[in-house]
Amino acid sequence: LAQVFAPGAIYLPRAALANAAELWQETQRLLALTPTRHSMTKRGFYMASALTAIGSWGWVSDHKGYRYEAFNPETGLPWPAMPELFFQLAQRFAAEAGYSNFQPDSCVINDYVVGAGMGLHQDRDEADFQAPIVSISLGLPISFQFGGKARQDTPHRLLLSHGDVVVWGGESRLNFHGVLPLKTGYHPLLGTRRINLTFRMAYAHI
Ligand code: MD5
Ligand code: FE
């Protein structure tokens, strides 16, 4: 049952639960091909989550700024292909949230260990803000912070757990957001971590 918690932002609790084990198995295979790394932000701080990407484009951050690249700068290799299951699920969740024609050309894999969070930011490196972003959470629950159009707007909190899906589009696409540091815990499948799969249309237009 979908919950609209802001205009354009649709929460699909446990929507990916039935596929979570397969998503995690595939994610582990992909992580072996394209290891995560702690990117440096424009401001010169290392990100607490470690990340990598699959699909045609991967999000890259360094002293030059933020952008999408076709090759993983760590390995010099193209990002691994996005498995059909990932693409199909992301497209299905977008459709369930009311966004048709979602064709992700990028999926960022964010890996959070205990204590790692992500400060408030906007996602604005994609070509077409008409396209939503689909997020699938695996592993330990985390406190998601959903802010407004301005950095100063007080964020609302939403606990994102294993199998939860959120589709961010429309009015919420450029809202500030982040996650609080991951709390200690143990997940039967992932252990002491949280993985977030973030599907985007980096260059494609909806
Ligand atoms: C996460 N990742 O939980 C989130 C999921 C990132 C990131 O923020 O940039 O890798 S995506 C959350 C998101 C995307 C676009 C808009 C909004 C939230 N929003 O309006 O709150 O690791
Ligand atoms: Fe983000």
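1. In this predicted model, the iron ion (ligand 2) takes its protein donors from His-121 (NE2), Asp-123 (OD) and His-177 (NE2), which lie 2.1 to 2.2 Å from the metal. Along the chain, these donors of the iron ion follow the spacing H-x1-D-x53-H. Because Asp-123 belongs to the loop between S7 and S8 while His-177 belongs to strand S12, the pair ties together parts that are 54 residues apart in sequence.

2. Two of the iron donors, His-121 and His-177, also deserve attention for what they do at ligand 1. A polar side-chain atom of His-121 is placed 3.1 Å from an oxygen atom of ligand 1, and for His-177 the corresponding distance to an oxygen atom of ligand 1 is 2.9 Å. Arg-194 adds a further contact of this kind, with an N or O atom of its side chain 2.9 Å from an oxygen atom of ligand 1. Taken on its own, ligand 1 has 510 Å² of accessible area, and the protein covers 96% of that area.

3. The shell around ligand 1 holds 19 residues, of which Asn-110, Tyr-112, Ser-172, His-177 and Arg-194 come nearest. By residue class, this shell divides into seven nonpolar, eight polar and four charged residues.

4. As to where the shell comes from, at least two residues each are supplied by strands S6 (106-113), S7 (118-121), S8 (133-139), S9 (142-146), S12 (177-179) and S13 (193-200). Strand S13 gives the most, contributing four residues to the shell around ligand 1.

5. Finally, on the site itself, the space that ligand 1 takes up is the largest pocket.

Methods:
Residues numbered from 1 in each chain as written. Chains lettered and ligands numbered in written order. Predicted model: local features only at pLDDT ≥ 70, side-chain atom pairs only at ≥ 80, totals over all residues. Heavy atoms only, no water. Near = heavy atom within 4 Å. Polar contact = N/O pair within 3.5 Å; in protein donor to acceptor, adjacent residues only side chain to side chain. Areas by Shrake-Rupley, 256 points an atom, 1.4 Å probe, with all protein chains shown as cover. 1 Å grid on protein atoms, 1.4 Å probe; cavity = no way out; pocket = protein on both sides within 12 Å on 5 of 7 lines; lining within 4 Å. Sits in = over half its atoms within 2 Å of the grid points. Nonpolar A, V, L, I, M, F, W, Y, C, P; charged D, E, K, R; others polar. Donors = N, O, S within 2.8 Å, 3.2 Å for Na, K, Ca; no water.
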